[in-house]
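Grab a coffee and work through these exercises with the viewer open. Try each task yourself before reading the solution below it.

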Amino acid sequence: MRAVRGEMFDVAVDVRRGSPTFAEWVGAVLSERNFRQLYIPPGFVHGFCVLSERVDVEYKCTDFYLPGDEITVRWNDPEIGIAWPVEAPILSAKDAAAPALRDLTDRLPTLAAVATNLFHAWAHSPEPPPLARWLQARGVILTPTRHALHHRGAHDHAYRSACHRWCIV
């Protein structure tokens with residue numbers, strides 16, 4: 001994620017069941033001036049709030065958007081405890097009605113399922129990707145799969161919004 005115009009507070013939350021960092025979050029201010037980017041790995045939900053009059057956002061996805069895979073989480077869920085820089089954001093009806101994380105447990109990915117999906121591509125790579133090395137350093141045992149890789153590619157597009165949105169990525 002990056003802001004090509006304006007400024008936003010961007011957040012990623014680990015929602016992988018079984019993860020030692022489940023429900024923990026990281027946030028950063030992204031702007032056209034600081035050129036910062038935030039990587040949101042698979043198995044994390046993502047949201048942002050606009051800090052300027054307008055923000056233009058660019059991001060790359062790991063796969064095509066599937067509406068059935070989208071998960072909306074309450075922006076101020078106390079279990080997550082995000083320190084948002086705003087107290088009363090302007091929300092869409094969908095975001096205003098979002099459930100708490102604990103009410104979505106059945107829809108959340110497991111750590112093992114996310115790792116399995118990530119490492120299909122590892123079978124065609126001479127060394128593990130950075131996330132694999134990070135997981136291995138924390139004692140997670142990973143083995144590359146040898147299944148055929150069906151590459152559909154990633155897509156780029158700009159998303160303009162003044163509302164807060166969560167999506168599983």
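A salt bridge here is a side-chain nitrogen of Lys or Arg within 4 Å of a carboxyl oxygen of Asp or Glu. Keep in mind that you're looking at a predicted model.

**Exercise 1. Get the overall layout: work out which elements the chain has and in what order they come.**

Step 1. Count the elements: the protein chain has three helices and seven strands.

Step 2. Now read along the sequence, and the pattern is β-β-β-β-β-α-α-α-β-β.

Step 3. Check how much is covered: 39% of the 169 residues count as buried.

Step 4. Look at the outside as well. The accessible surface of the chain is about 10000 Å², and carbon and sulfur atoms own 55% of that.

Step 5. Finally, ask how far along the chain the contacts reach. Of the contacts with a separation of 6 or more, 75% are between residues 24 or more positions apart.

**Exercise 2. Take Arg2 and find its salt-bridge partner, then say where the two residues sit.**

Step 1. Recall the general idea: side chains of opposite charge can pair when their charged atoms come close.

Step 2. Apply the cut-off. The side chains of Arg2 and Glu58 have N and O 2.9 Å apart, which puts the pair inside the 4 Å limit, so it counts as a salt bridge.

Step 3. Place the partners: Arg2 belongs to strand β1 (residues 2–5) and Glu58 to strand β5 (residues 56–60). With their positions 56 residues apart, the pair links distant parts of the chain.

Step 4. Check the exposure of each. Arg2 has a relative accessible area of 31%, so it's partly exposed, and Glu58 is partly exposed too, at 35%.

**Exercise 3. Starting from Asp56, trace the salt-bridge network it belongs to.**

Step 1. Begin with Arg5: its side chain meets that of Asp56 in a salt bridge, 2.9 Å from N to O. This pair also links distant parts of the chain, with Asp56 in strand β5, Arg5 in strand β1, and 51 residues separating them.

Step 2. Go on to Arg54, which forms a salt bridge with Asp56 as well; the closest N and O atoms there are 3.1 Å apart.

Step 3. Join the pieces: because the bridges share partners, Arg5, Arg54 and Asp56 make one network.

Step 4. Compare the burial classes. Asp56 is buried, at a relative accessible area of 6%. Arg5 is partly exposed at 38%, and Arg54 is partly exposed at 40%.

Step 5. For context, a search of the whole structure turns up six salt bridges.

**Exercise 4. Which strands pair with β2, and in what sense?**

Step 1. Look at the strand itself: β2 spans residues 7–14, and seven of its eight residues are buried.

Step 2. Take one partner. Strand β3 (residues 25–31) runs antiparallel to β2, and seven bridges join them. As a spot check, Met8 has Leu30 as its bridge partner in β3.

Step 3. Take the other. β2 and β4 also pair in the antiparallel sense, over seven bridges, and Val11 stands opposite Gly47 in β4.

**Exercise 5. Describe the surroundings of Leu51.**

Step 1. Locate Leu51: it lies in the loop between β4 (44–50) and β5.

Step 2. Check its exposure, which is partial, with a relative accessible area of 32%.

Step 3. List its contacts beyond four places in sequence: Glu7, Met8, Phe9, Val29, Pro85 and Val86.

Step 4. Pick out Met8. The C-alpha atoms of Leu51 and Met8 are 4.9 Å apart, although 43 residues separate them along the chain.

**Exercise 6. Inspect the backbone at Ala23 and Phe35 and say what stands out.**

Step 1. Start from the background: most residues other than glycine have a negative phi.

Step 2. Ala23 isn't a glycine, yet has a positive phi of about 70 degrees. Ala23 is in the loop between β2 and β3 and is buried, at 10% relative accessibility.

Step 3. Phe35, also not a glycine, has a positive phi of about 60 degrees. Phe35 is in the loop between β3 and β4 and is exposed, with a relative accessible area of 67%.

**Exercise 7. How many disulfides does the structure have?**

Step 1. The search of the whole structure finds zero.

Step 2. Check two cysteines while you're there: Cys49 is buried at 6% relative accessibility, whereas Cys61 is partly exposed at 23%.

Definitions and conventions: Residues numbered from 1 in each chain as written. Predicted model: local features only at pLDDT ≥ 70, side-chain atom pairs only at ≥ 80, totals over all residues. Heavy atoms only, no water. Helix = DSSP H or I, 4+ residues; strand = E, 2+ residues; numbered from the N terminus. Buried < 20%, exposed > 50% of the residue type's maximum accessible area, 1.4 Å probe, protein only. Contact = heavy atoms within 4.5 Å. Disulfide = S-S within 2.5 Å. Areas by Shrake-Rupley, 256 points an atom, 1.4 Å probe, with all protein chains shown as cover. Pairing = 2+ DSSP bridges.
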